[in-house]
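Good morning, everyone. I will take a few minutes to go through one structure and its empty spaces. Please have a look at it first.

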Amino acid sequence: HIADTVTLHNGVKMPLLGLGVYKVEEGATVVQSVKWAIAHGYRSIDTAAIYKNERGVGQGVREAMQENGLTREQLFITSKVWNSDLGYESALAAYETSLEKLGLDYLDLYLIHWPVKGKYNDAWRALEKLYQDGRVKAIGVSNFHVHHLEDVMSIATIKPMVDQVELHPRLTQPELQRFTKEHGIVLEAWSPLMQGELLGDPLLSDIAAKHGKSVAQIILRWDLQHGVVTIPKSTNEKRIMENASLYDFELSAEDMARIDGLNENRRIGPDPDNFNF
Ligand code: NAD
C-alpha cells in the first residue's frame with residue numbers, strides 16, 4: 001500500500017515512498033506538486049534548506065491537509081541542514097529557520113545534507129539536542145559513506161536513524177546496504193531514477209514490458225523490495241501518480257538479482273569524499 005512504512009530504530013514510522021522536490025521551483029509549482037502528491041496518497045515530502053522551496057512546501061502541505069482531511073501526524077516532512085550551517089549553534093538556528101519557512105512546529109526528519117570534513121560531528125550534536133528536546137521526531141544524515149557513519153557514531157549518543165544517499169541500479173551501494181542493515185539505519189535513495197538517465201535501459205525496459213509497468217515503476221519497486229526508502233521527483237501529475245502505483249505487482253528474486261547486477265558504481269552527483277564546497 002502507498003502509505004507503507006519502515007520503522008526507524010527509535011520506533012518512528014517513515015513512509016517508504018515520498019516526493020522529492022529538488023530543483024522544483026518555489027511558489028506555485030512546488031505548492032501544486034506537493035498537493036497532487038498528497039491528494040494521490042503520498043504521505044512524505046523531502047525538501048532541504050538549499051532547495052529554497054520550503055515556503056511552498058509548507059503551503060502545499062497545509063492546503064493538502066485541509067483539502068484531504070489529514071492531520072499533521074499523518075504526514076512525514078523531511079528537511080536538511082546545509083553545509084554553511086554545520087556548526088552546533090548554526091545548525092540549531094538553521095532548524096528554526098526551516099520550521100519558520102515551512103510554517104510547521106516540528107519536522108519528522110532532519111538530516112545533515114553532506115559530510116563536510118571537520119564539521120559534521122558538531123552538527124550531529126545539535127541534531128541530538130533537537131531530538132532530545134522533542135523538537136524533531138527523527139534525525140539522520142545524507143551522503144555519508146560507511147567511514148563517515150563510523151566517525152559520527154564514535155561521538156554520537158544517538159545513532160543516525162536514516163542515511164539518504166544517491167542510490168539506483170547503476171549505484172546500488174552494496175557496502176552501505178550491508179552496514180546500515182547491520183546497524184539498524186534506514187537507507188534512503190536519492191535520484192532513484194538517476195534523474196531520468198535509467199529510463200531507456202534495455203534490461204529494465206525488458207523487465208518493465210514483462211510486468212506491463214514503466215521503467216520508473218520497476219526501479220521504485222526494486223527500492224521498496226530492498227526496504228530502501230525512495231523519493232522520486234516529479235512536477236507532473238500523471239508521473240506523480242505513476243511513481244506511486246507500485247503495489248499491484250512484484251519483482252521475482254531473479255528480476256531483483258538482474259537489477260542488482262546493473263551496478264557500475266556510477267554516480268551522477270558528487271562523491272561525498274571529493275565534494276568541493
Ligand atoms: P530522480 O531520479 O527522482 O529523477 C527525477 C526526474 O526524472 C524528473 O525531473 C523527471 O523529469 C523524471 N521522472 C520522474 N518520474 C518519471 C516517470 N514516471 N517517467 C519518466 N520520467 C520521470 O532525481 P532527483 O530529483 O535528483 O532525486 C529525487 C529527490 O532526491 C530530489 O528531488 C531530492 O528530494 C532528493 N535528493 C537529495 C540529494 C541529497 O544530497 N540528499 C541529492 C539529490 C536529490
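How far is an oxygen atom of the ligand from an N or O atom in the side chain of Ser191? Keep in mind that this is a predicted model. In it, the distance from the ligand oxygen to the Ser191 side chain is 2.7 Å.

There are other contacts to go with that one. The side chain of His113 has an N or O atom 3.3 Å from an oxygen atom of the ligand. With Pro192 the partner is in the backbone: a polar atom there is 3.4 Å from a ligand oxygen. As for cover, the ligand taken alone would expose 830 Å², and the protein buries 89% of that.

Now the wider surroundings. In total, 26 residues surround the ligand. Ser191 is among the closest, and so are Asp46, Gln164, Leu193 and Asn243. Sorted by class, this shell has twelve nonpolar residues, nine polar ones and five charged ones.

Where does the ligand sit? It occupies the largest pocket. That pocket holds about 820 Å³ of space. It is lined by 36 residues, and those closest to its centre are Tyr22, Trp190, Ser191, Gln195 and Lys233. So much for names; by class, the lining of the largest pocket divides into 17 nonpolar, 13 polar and six charged residues. Ser191 has now come up in each part of this story: it has a side-chain atom 2.7 Å from a ligand oxygen, it is among the residues closest to the ligand, and it is among those closest to the pocket centre.

Next, the second largest pocket. Its space comes to about 160 Å³. Its lining includes Thr5, Val12, Lys13 and Pro15, and also Glu73, Gln74, Leu75 and Phe76. Arg43, Tyr106, Asp108 and Lys137 line this pocket too. Here the classes are five nonpolar, two polar and five charged.

Last, the enclosed space. How many cavities of 30 Å³ or more does the structure hold? There is one. The largest cavity has about 40 Å³ of space. Around it are Asn143, Phe144, His145, Val165, Glu166, Gln173, Leu176, Arg267 and Pro272. Four of these lining residues are nonpolar, three are polar and two are charged.

That is all I have. Thank you.

Conventions. Residues are numbered from 1 along each chain as its sequence is written. This is a predicted model: local features need pLDDT of at least 70, side-chain atom pairs count only at pLDDT 80 or more; totals for chains, interfaces and linings use all residues. Side-chain values use heavy atoms; hydrogens and water are left out. A residue is near a molecule or strand if one of its heavy atoms lies within 4 Å of it. A polar contact is a pair of N or O atoms within 3.5 Å; within protein, one must be able to donate a hydrogen and the other to accept it, and residues adjacent in sequence count only if both atoms are side-chain atoms. Accessible areas come from the Shrake-Rupley method with a 1.4 Å probe; for residues, only the protein chains shown count as cover. On a 1 Å grid over the protein atoms alone, a cavity is a set of points where a 1.4 Å probe fits but cannot get out, and a pocket is an open set with protein on both sides within 12 Å along at least five of seven lines; lining residues have an atom within 4 Å of a point. A molecule sits in a cavity or pocket if more than half of its atoms lie within 2 Å of its grid points. Ala, Val, Leu, Ile, Met, Phe, Trp, Tyr, Cys and Pro count as nonpolar, Asp, Glu, Lys and Arg as charged, and the others, Gly among them, as polar. Grid points are joined across faces, edges and corners, and a volume is the space filled by probe spheres set on the points.
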